[in-house]
Amino acid sequence: ATTKLWGGRFTAEPSEYVQKFGASIEFDQLLAEEDIQGSLAHVQMLGDQGIIAKDEMSSIQTGLKQLQVQLEQGDLTFSIDNEDIHLNLEKALTDLIGPVAGKLHTARSRNDQVALDMHLYLRNRLNELLPLVQDLQKTLVQKAETNVETIMPGYTHLQHAQPISYAHYLLAYYNMFQRDYERLTFNLQHTDISPIGAAALAGTTFPIDRQQTADLLDFKALYHNSLDAVSDRDFILEFLSNAAILMMHLSRMCEELVLWSSQEFNYIELSDTYSTGSSIMPQKKNPDMAELIRGKTGRVYGDLLGLLTVMKGLPLAYNKDLQEDKEGMFDTVNTLMMSLKVMKGMVETLTVKKEQMKHATVHDFSNATELADYLAKKGIPFRQAHEIVGATVLKCIQQGKFLKDITLSEYQAISPLIEADVFTALDPVTAVKTRDSLGGTGFDEIRKELAQAKADLQL
Ligand code: ARG
């Protein structure tokens, strides 16, 4: 036998670098709290079922609670010699209470133990992440409230398309984050399933009560197939894909923050507290935080692709490859939490340059659709109106002016149907205000959307 907890059938120790390669303790120590919590429930069930004696149960529970205290106080030390968090904690428990600690692992395997830890861990983190998504949504709604009548160019192909309200823009992201919120909520459902009691892969001959353990840990459901319970990580993959989609939303918004804070756009100014300077160029104020969220989106995509690739060829049930499920998940949890917090603060503190936004809609052709619609409402087929306005825009470009600069008599030469009210129609404020089709940028539509959002967020 060797010194390992599983060393009975071994005659030689692995070399130091093989141990280091196989060990996960450097990262899975993040599961310590959940691992102890899981053990407490398991041992309670073992005692209640008479699988171990009540006094054995009590001394193991006392030991585990001591470990909890040590963990909280930062007094627990882990070692690569004990491979992973499960064996490290079992070793620490043995040091505390002696050989009776060995009864804790009755009717349990590290395979269902680690699956349990991951479920508990992700469930806890999802419960922390969901309010962070809502915090960002609240900030978007609050920003939108003061900007219903803030007019800016709306883009397609990054070319001025039609004027919109800045609030409408903000609420677009509010809606995207709402679906992210719903996806994560559903994710919680698949994370809230207990695998403990599946044992190594096939269940156990001990008279365990899986329902009791699941209840003690407050799980809504339990896995009904032991092979499934220990070998799938789809709840983590769901999380990583939900996170990837959420980061994609953040990243698109960040791209706009970066563009719009440039001299070329000049629509917003980020707060100094969310910007950084240059070590050489004294004038610089860089949108680093927005760029970083955009950049970190790449690593979250990587975490998703990484685990999908780890899993794609794994025969049932447990394989050591599954140890690779952890770092990516931890990394994504951390990245997502920080990105959501930074994004919220960045949006909250940014200055909206209403005049510049408006200015951009007065010095462009984003009211061309208004003119075409104006003619169409007078009875000219829209296709023909489109043609007329296209030619008018071309003429304006050649003469260095905009549609609002054409005189009424010039307009009447273009079409006798055009009257003085055309100038009201060409005004970007009119263009936005009157786009009141359901879900459009019209002020009244936005106010309805805002009221709904505030009710949903209980603001
Ligand atoms: N550290 C391992 C992991 O993270 C725990 C499970 C080990 N099970 C085993 N049969 N080697 O996957």
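# Exercises on a predicted model

S1 and S2 form a hairpin in which two residues stand between the strands, and His157 in the turn has a positive phi of about 55 degrees. The model used throughout these exercises is a predicted one.

**Exercise 1.** Describe how strand S1 and strand S2 pair, and state whether His157 in the loop between them is buried or exposed.

*Solution.* Begin with the strands: S1 covers residues 151-156 and S2 covers residues 159-165, and the two pair in the antiparallel sense over six bridges. One bridge can be named, since Pro153 has Pro163 as its bridge partner in S2. Turn next to the loop between S1 and S2, where His157 lies. His157 is not a glycine, yet its phi is positive, about 55 degrees. As general background, most residues other than glycine have a negative phi. Finally, count the neighbours: His157 has 6 C-beta neighbours inside 10 Å and therefore counts as exposed, the limit for that class being 12 or fewer.

**Exercise 2.** Find where the ligand lies with respect to domain 1 and domain 2, and explain why.

*Solution.* Take the domain assignment as the starting point: domain 1 is 14-106, domain 2 is 111-148 + 164-200 + 224-353, and domain 3 is 360-456. The centres of domain 1 and domain 2, taken over C-alpha atoms, are separated by 32 Å. Eleven residues from domain 1 and eleven residues from domain 2 make up the contact. On the side of domain 1 that touches domain 2, helix H2 (25-28) and helix H3 (32-48) each supply at least two residues, and H3 gives the most, with five residues. By character, the residues of this side of domain 1 are three nonpolar, five polar and three charged.

Now list the residues around the ligand, which include Ser24, Asp28, Asp84, His86, Asn111, Val114, Tyr318 and Lys320. Helix H6 (residues 110-145) contributes the largest share of this shell, three residues, and the shell as a whole divides into three nonpolar, four polar and four charged residues. Because domain 1 and domain 2 both give residues to the shell, the ligand lies between them.

**Exercise 3.** Identify the buried residues of helix H14 and say what their cover includes.

*Solution.* Within H14 (residues 368-377), the buried residues are Ala368, Glu370, Leu371, Ala372, Tyr374 and Leu375. Their cover includes helix H15 (382-399), helix H17 (422-426) and helix H18 (428-433). After H14 comes Gly379, with a positive phi near 110 degrees. For the annotation, turn to UniProt, where an unreviewed entry places "domain: Argininosuccinate lyase C-terminal" at residues 365-433. That span, residues 365-433, is 67% helix and 0% strand, and its end C-alpha atoms lie 18 Å apart.

**Exercise 4.** Locate the loops that hold Asp272, Asp218 and Ala317, and describe the local geometry of Asp218 and of the Leu316 to Ala317 peptide bond.

*Solution.* Asp272 sits in the loop between strand S5 (268-269) and helix H11 (288-311), and it counts as exposed because it has 10 C-beta neighbours inside 10 Å. Measured in sequence terms, Asp272 and Leu307 are 35 residues apart, while their C-alpha atoms are 38 Å apart in space.

Asp218 belongs to the loop between helix H8 (210-216) and strand S4 (221-222). Its phi is near 65 degrees, a positive value in a residue other than glycine, and Asp218 is exposed, with 11 other C-beta atoms within 10 Å.

Ala317 lies in the loop between H11 and helix H12 (326-349), and the peptide bond from Leu316 to Ala317 is cis, with omega near 0 degrees.

Terms used: Residues numbered from 1 in each chain as written. Predicted model: local features only at pLDDT ≥ 70, side-chain atom pairs only at ≥ 80, totals over all residues. Domains from an automatic or database assignment. Contact = placed C-beta atoms within 7 Å. Helix = DSSP H or I, 4+ residues; strand = E, 2+ residues; numbered from the N terminus. Nonpolar A, V, L, I, M, F, W, Y, C, P; charged D, E, K, R; others polar. Near = placed C-beta within 6 Å. Pairing = 2+ DSSP bridges. Buried ≥ 20, exposed ≤ 12 C-beta atoms within 10 Å, placed from the backbone. UniProt positions renumbered as here; feature names shortened; annotations may be inferred.
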